[in-house]
Amino acid sequence: MKIAMLASECVPFAKTGGLADVVGALPKALSALGHEVIVILPLYGSVEVAKHSVVPFMDKLGVWMGNTLEWCAVKTASLGDGVTAYFIEHDRYFKRDELYHDAWFNDFPDNPRRFAFFTRAALQLLRDRYWIADIVHAHDWQTALAPAFLKVWHWNDPVLSKAASVLTIHNIAYQGIYSADTIDYTGLKWENFKPEIFEDHGRMNFLKGGIYFADMVNTVSPTYAQETRIGPLSCGMAPFLAAKGDRYTGILNGVDYRQWSPENDPYLPYHYSAREMSGKRHAKRLLQETMGLTVDEKTPIVGVVSRFVEQKGLDVTAAVIERILTDMAVQFVILGAGDKGLEHFYGTLPERMPGKAGSYIGYSEELSHLIEAGSDFFLMPSRWEPCGLNQIYSLRYGTLPIVRETGGLADTVEQYNEEEGSGTGFKFMHLSEQAIYDTVGWALSTWYDRHEHIVRMRTAAMSKDFSWDTSAKAYLSFYERAINLKKGD
Ligand code: ADP
């Protein structure tokens, strides 16, 4: 099968969240199963061109946006494992340090143009190179126009008409909703500006149009697929997803255990496994030293690595964390950035809770690995969580997740059973200060009073396998279904 992946993020080139991890790993897993995969992404100013050996590929690629011809160039690099990445180079749109917003987290006002252009350019690249894809795989609102371009403009095209389109929704809270005249810029025709396709209360909704036009749509866990098909977590998309029937499904993300496992973590000075755990104790000590915590093997550490956005529930955590740290024998470390109020709160928490709390406001790949390895528990009190990767990493590092029962958190963490000592983490249903307080308390009482259960849960957690191989096979059946549906159209 020939698969072209269009995405706005891809590890190791550009990342703000889990989307990048998925786009960095799934193509390699598909390639390992014998398929030909390319990834196309924008050349942001932050892509480290020299480090990743990004080289010129095409000097000029002409892209029709509505009635205007715009030009870009294309560069290329290897993603590894036989997968080639192509970069759409357009300095005015993409040569910025951040992907979507300025340093104050204000979205770039030209985002609709940037990503509509990128998506059309990616398809144009396939045409110019005569790359006959069986599947065009779009991700999130940024490339959700790909299925629409294919159906509206390329249905009769010798190269692109063969491609079935699939759309993966990594987070339905981000839909790409812009002023109505964006439709003119995209050239996607006013006849498609109606409520069942692009129109959303008088504006143009990229994701909604993508859902409509894609042959198949999925999200990144079965529970989130269910939640978004029926409820308020769909952010208004429930009727449109429900209308897709069984063309909308949930496929759990895999994780890249070459990057994320304690046996061979490239960022860790100490390694360990379920059989030999001493490296975890060393990592804990290093984490305590690095984050200014009291060095003490016996006190459990609760870790957090997260974007500071509404989704993650860290505002509720902020309201209760000092009470937890005062009442309980526990330490807390947090790494993240985003909401300025939360940055200030967590940034100054160590001053209020010296020796008990440590924080780093910003982005650090290295520290995120150390927190996974050195913590004993990992907290994710998300309001919603399409899949969530950190809790899956945590399982592999024997760092038991404390999570809200939602989306992928519900699908990947097994509730602790106090009678049997089984399970892989601690789950709560309703997001409230008290629920976080009680569930952290439950985890800590298990640590202090039933430590043999912690040991057993760690072993169980570390043996769970969420590798990409399984997910890639699920994607292949999903692609086959899309191809068959497309043939039947
Ligand atoms: P989301 O995609 O909603 O941010 P996920 O759990 O799916 O959440 O993925 C988050 C990814 O981003 C993980 O790989 C996590 O380690 C990483 N991450 C988030 N914030 C930071 C940060 N401040 N520093 C380093 N890595 C981070």
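Let me start with strand β16, residues 377–380, and strand β17, which pair in the parallel sense over 4 bridges; two strands are said to pair if DSSP finds at least two bridges between them. Within that pairing, M380 has V403 as its bridge partner in β17. Before going on, I should say that this is a predicted model, in which local features need pLDDT of at least 70 and side-chain atom pairs count only at pLDDT 80 or more, while totals for chains, interfaces and linings use all residues. Residues are numbered from 1 along each chain as its sequence is written, and side-chain values use heavy atoms, with hydrogens and water left out. The strands and helices I name are DSSP runs, numbered from the N terminus, with at least four residues for a helix (H or I) and at least two for a strand (E).

Staying with β17, residues 400–404, we find that 5 of the 5 residues are buried, so this strand is largely enclosed by the rest of the structure. Here buried means under 20% relative accessible area, exposed means over 50%, and partly exposed lies in between, with a 1.4 Å probe and protein chains only. L400, I402 and R404 point one way from β17, whereas P401 and V403 point the other way.

Which sheet do these strands belong to? They sit in an open sheet of 6 strands, in the order β15-β14-β13-β16-β17-β18, with parallel pairing. Its edge strands are β15, residues 357–361, and β18, residues 426–428, each of which pairs on one side only. Neighbouring strands in this sheet are turned by 15° against each other on average, with direction ignored; such angles run from 0 to 180 degrees between N-to-C directions, and the axes are lines fitted to C-alpha atoms, for helices over the stretch in contact. Further along, strand β13 (residues 301–308) runs parallel to strand β14 (residues 331–338), and 8 bridges join them. One of the pairs is V302 with its bridge partner F332 in β14. Helix α12, residues 340–352, packs on this sheet and touches β13, β14 and β15, its direction making about 140° with that of β15; contact here means heavy atoms within 4.5 Å.

Now to helix α13, residues 365–374, where 8 of the 10 residues are buried, so the helix is largely enclosed by the rest of the structure. What covers those buried residues includes α10 (278–290), β13, β14, β15, β16 and α14 (390–396). As one example from this helix, H369 counts as buried, because its relative accessibility is 0%. Leaving aside residues up to four places away in sequence, H369 touches Q259, W260, D265, Y267, L268 and Y397.

Next, the ligand. Which residues come nearest to it? Of the 19 residues around it, these are G18, R307, K312, G362 and L389, where a residue counts as near if one of its heavy atoms lies within 4 Å. As for polar contacts, meaning pairs of N or O atoms within 3.5 Å, a polar side-chain atom of K312 lies 2.8 Å from an oxygen atom of the ligand. A backbone N or O atom of S364 lies 3.1 Å from a ligand nitrogen atom, and an N or O atom in the side chain of N390 is 3.2 Å from a ligand oxygen atom.

There is also an open sheet of 9 strands, with mixed pairing, in the order β3-β4-β5-β2-β1-β6-β7-β11-β12. At its edges stand β3 (55–65) and β12, each with a single partner strand, so one side of each is left without a neighbour in the sheet. In this sheet the neighbouring strands are turned by 25° against each other on average, direction again ignored. Strands β1 (residues 2–6) and β2 (residues 36–42) run parallel and are joined by 5 bridges, with L6 standing opposite I40 in β2.

I will finish with helix α3, residues 111–128, which has 18 residues and reaches 25 Å from its first C-alpha to its last, close to the 26 Å expected at 1.5 Å a residue, the expected span being 1.5 Å times one less than the number of residues. Of its 18 residues, 15 are buried, so α3 is largely enclosed by the rest of the structure. After α3 comes Y130, whose phi is positive, near 55°.

Definitions and conventions. Polar contact = N/O pair within 3.5 Å; in protein donor to acceptor, adjacent residues only side chain to side chain.
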